[in-house]
Structure formats: C-alpha cells, structure tokens
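Got your viewer open? Grab the mouse and follow along, one selection at a time.

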Amino acid sequence: MRKPGFYICALLLATGACATEGDRQSQSPEDDSPTPEPIIRDSAGTRIIESSAPAWDGDRWRISDAPDVVIGRRDGDGRYFFGWIGGGIVLGDGRITVLDRLAGVIRVYSPEGTHIEDWGRTGEGPGEFTAAVGLFPYRGDSVLVSGSLARRFHIFDHAGRFGRRAVTRMQLAQWYDLRDIVERGSIQAAFSCCEFRAPLATGAVLLSTPEMIPNTGSGMKRSTVLVAIVPDTGGVADSVAAFRGGRYLPGEGPGGLPSGFHFQPSPQIAMGPEGFSVTEGDSYSIGAYDASGQLLGIIRLAREPRPVTDDVRAANENEIRTRIRGYGDRVEGGSPDEVIERALSAPYPPHLPTFERLHVDPEGNIWAGQRRYGAGDDMADFFVFAKDGRYLGIVEVSATLSVLQIGSDFILAQFSDDLDVQYVHLYRIGK
C-alpha cells in the first residue's frame, strides 16, 4: 500500500515545486520563437513533457457542424424521452447506450439512433438500480453503472446480460479524512465516501472523497480531494492520492463556515487505455498515471492562466442573476434578491480555471476542455495532447454540449434545448 506522501510529492511535481534549475533543458537561446517540438526533461525521476506551440500546422481535427445521430424527443415515444441523462457510451459495434437516471434503465439504440432494447430496471435485485448515477465503459465492451455515493456498482456485458454487483469500501481514504477532522479540526466535515471517478483497464475502480474544505487559518486555502484505487472485487482501497480542489476563505461564510470563490477549479480524472490522467484545473498541467497509481509523467503547456477581467466578471454576474431569477418560487435560502446578493458577494480568484473537462480517446490522446468565459461565447476549446505528451492543438466544440465520450472518430454529447429537454448527439471528428 502506498503512503500519501508519494502522491503529495507527485502533486508538487505537477506544479513544478520539485524541479531544480539543473534539471531544466531549454530551447536554443538563438531561437526564442515557440516550436511544436516539446521540451522533455527528468525531474526527481519523473518525465516532464512541456510544449509551447501546437504540432498541428494548418490541418487540425474538426468536429462536424451537424450531428450524424440525434436521439431524443420532446414528447411521444417514451423510449426517446430522457428524464435525466447519467452517461452515454458507443459500444464496439456502434450501438449507443444511454443511462436514464430517472427511469432507472440503460436505453440501447442502433448506430442510427433507433431504440433496440433496455437494460436493467428500478429495484433492489440483481441488475436493478435504486439510484443509478453514471455509465462508464468497462472491460471487454461491457458497461458499468455506478450508484449513489459509489456505494455499489453494476456490470453488464455487451449483450446486456447482468454480470455482477459489487459494494465498494474506501476505508483508507475515510480514515485520513476522519483523522484530520478529529485531531486537528482543520477541515469542514464533508459527507463521507464516495464519488465514482472511473473504472480502470485492470477492472479496479477509482473513487474519491468529496472536497475536504479548510476550516481554520487565514487567507485563501485550497480544499483536498482524496482518490483511491479499489479492487474490482469491491475490497478495501489499496492506494490514495491527494489532489487540490476549490479555493476557500476559512470562517468567512455564514455561521463561520468556509466561503467559496467564483470560478472554482476542481480535479478532473479520465480513464485511458493503460491508466488514468488527472488535472487540478488551476494550471495547464496533466499528470499521467498507470493503472496501479504510479505517476508516469507530467504533461504541460507553456501558457499562463487567463486573468479574471471586468468583462468576465460582468458576464458571470449577469449569468448568476438570470439563473437564480429563473428558479422563481423554487429558489431556496430566501428571496431571489437575497440569494443573488449572497452569490455575488463571493470573492474572485486571481485567474480563471484552466482545464475543466478531461477525456482520453482509444488511441491515448488526452482531450482537456476549457470553457470560454465572457458574453456571447458559444464555443469551448479542447486542448488535445498525443499519447506521448506532445501538444497537438485545439478542437472547438459547441459550449452547449456536455461531452459524454470521445472515440477514435466521434464525440458523443448531451444537449439540452430551450425547454430543458435532453438529447444525445453524435458528431464525427474529421482528421
């Protein structure tokens, strides 16, 4: 079992704290212009790949303007109406599976979007869901359905046959959480285990605690998220990683609770063919890990985080007002004006989040999504890194889409229309 210190060192490496000047190799002083060739160096035994310019020259990957497949309807046949989409996966033969959390079933569609059958149902028995949350690809073209608080997960094979159900335990991570709360009183007690992050190629799964928020001290503090690898048998966690979460001001909130900031970063984790990738959302840096939790390398893009400008603040505050007033009588915590005032009183951080979404395609390319902030921006940028860590370039994706899966030649995404009706779209990637 690894000790947390290993991962804390990995965390420092991700921010460059462990590197020394002697470890660095730079470009030739005669040529200050960025080049697509990355700088590769070794720092404390960890490989760091840093790019300053995209490798794509003119010809870059593009997403089709219109979806090839659209699944969903505003009314009519209930097999095409989604109450709450929890995930979507394209199987190896092209069938599209979609988890409807409210209906408690996995809807299965043909590659053209025609409904074929349903897997699972609401209930307590084998292959039945009480609180299905997420849908993930699993080994051998199987799928995995995670439950509320990651207490259990269900596995179905490619034909929809129920395989097994496992109950997870994350005692090691909970023990560190509890020790810090009891012995030092230094963090706000969050609800306990767990959030399901991703299944790994080995069959094990990644779970995490909720944010553990600082409750003492002064000035800006970062929360902590603990991540554990749990065997596919549902046993106890055998390793733990600590990653930084959002920014908080201890004791500044109502009742002396921590107060949060606008534009919170949070750890993003994505499963890959051979392991998983992690970004903390506050720098252009991604850690690559193998399936056992060993840090393999750091991928970096040489650019500074974007500042919080007056235009960004104005757009954010207008969005907050519009969203809260849209709730009408359903708003909780006071009148809409009172809730808006509290929301607007949160402080602003020094810069915007960087990577806010993370996906890995079957070839091992890492797709790191970044939202564009400001009025009228209707696109999001996905920074694409090759399996070897080279920065390839940016793929633009509509900001109205929530990406569910990225394949070799497609993007599967969720879309909500002006009536909040949910759809699943499949777009082709031109390479």
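Start by selecting strand 2 and strand 25 (residues 295-301): these two run parallel and pair over 5 bridges. Helices (H or I, at least four residues) and strands (E, at least two) are DSSP runs, numbered from the N terminus, and two strands count as paired if DSSP finds at least two bridges between them. To see the pairing up close, show Arg47, which stands opposite Gly297 in strand 25.

A word on what you're looking at: this is a predicted model, where local features need pLDDT of at least 70, side-chain atom pairs count only at pLDDT 80 or more, and totals for chains, interfaces and linings use all residues. Residues are numbered from 1 along each chain as its sequence is written, and side-chain values use heavy atoms, with hydrogens and water left out.

Now colour by pLDDT, the predictor's confidence in each residue, from 0 to 100. The protein averages 84, and 84% of the residues score at least 70. Residues 1-31 are below 50, and beyond near neighbours in sequence that stretch has 58 contacts in the model. Contact here means heavy atoms within 4.5 Å.

Back to strand 2 (residues 46-51). Is it mostly covered or mostly open? Mostly covered: 5 of its 6 residues are buried, where buried means under 20% relative accessible area, exposed over 50%, and partly exposed in between (1.4 Å probe, protein chains only). Add strand 1 (residues 39-43), which pairs with strand 2 in the antiparallel sense over 5 bridges. Ser43 sits opposite Thr46, and in the hairpin, with 2 residues between the strands, Ala44 has a positive phi near 50°.

Zoom out to the whole sheet. It's an open one of 6 strands in the order 1-2-25-24-23-22, with mixed pairing. Its edge strands are strand 1 and strand 22 (268-271), each pairing on one side only. At that far end, strand 22 and strand 23 (residues 275-279) pair antiparallel over 4 bridges, and you can find Gln268 opposite Thr279.

Next, select helix 3 (residues 310-327). Its 18 residues reach 26 Å from the first C-alpha to the last, close to the 26 Å expected at 1.5 Å a residue; that expected span is 1.5 Å times one less than the number of residues. Show Val312, Ala315, Asn316, Glu317, Ile320 and Ile324, which are buried. What do the buried residues of this helix pack against? They pack against helix 4 (336-344). Just after helix 3 comes Gly328, with a positive phi near 60°.

Another sheet is worth a look: an open one of 4 strands, ordered 26-27-28-29, with antiparallel pairing. Strand 26 (357-360) and strand 29 are at the edges with a single partner strand each, so one side of each has no neighbour in the sheet. Strand 28 and strand 29 pair over 7 bridges, and Met379 stands opposite Ser398 in strand 29.

Last stop: the largest nonpolar core, meaning a set of buried Ala, Val, Leu, Ile, Met, Phe, Trp, Tyr and Cys residues joined through side-chain atoms within 4.5 Å. Of its 17 residues, Trp61, Trp367, Val395, Val397 and Ile411 touch the most other members. Centre on Trp61: leaving aside neighbours within four places in sequence, its contacts include Trp56, Trp367, Val384 and Ile429. Apart from this core lies another, of 15 residues, among them Leu200, Ala204, Leu206 and Ile298.
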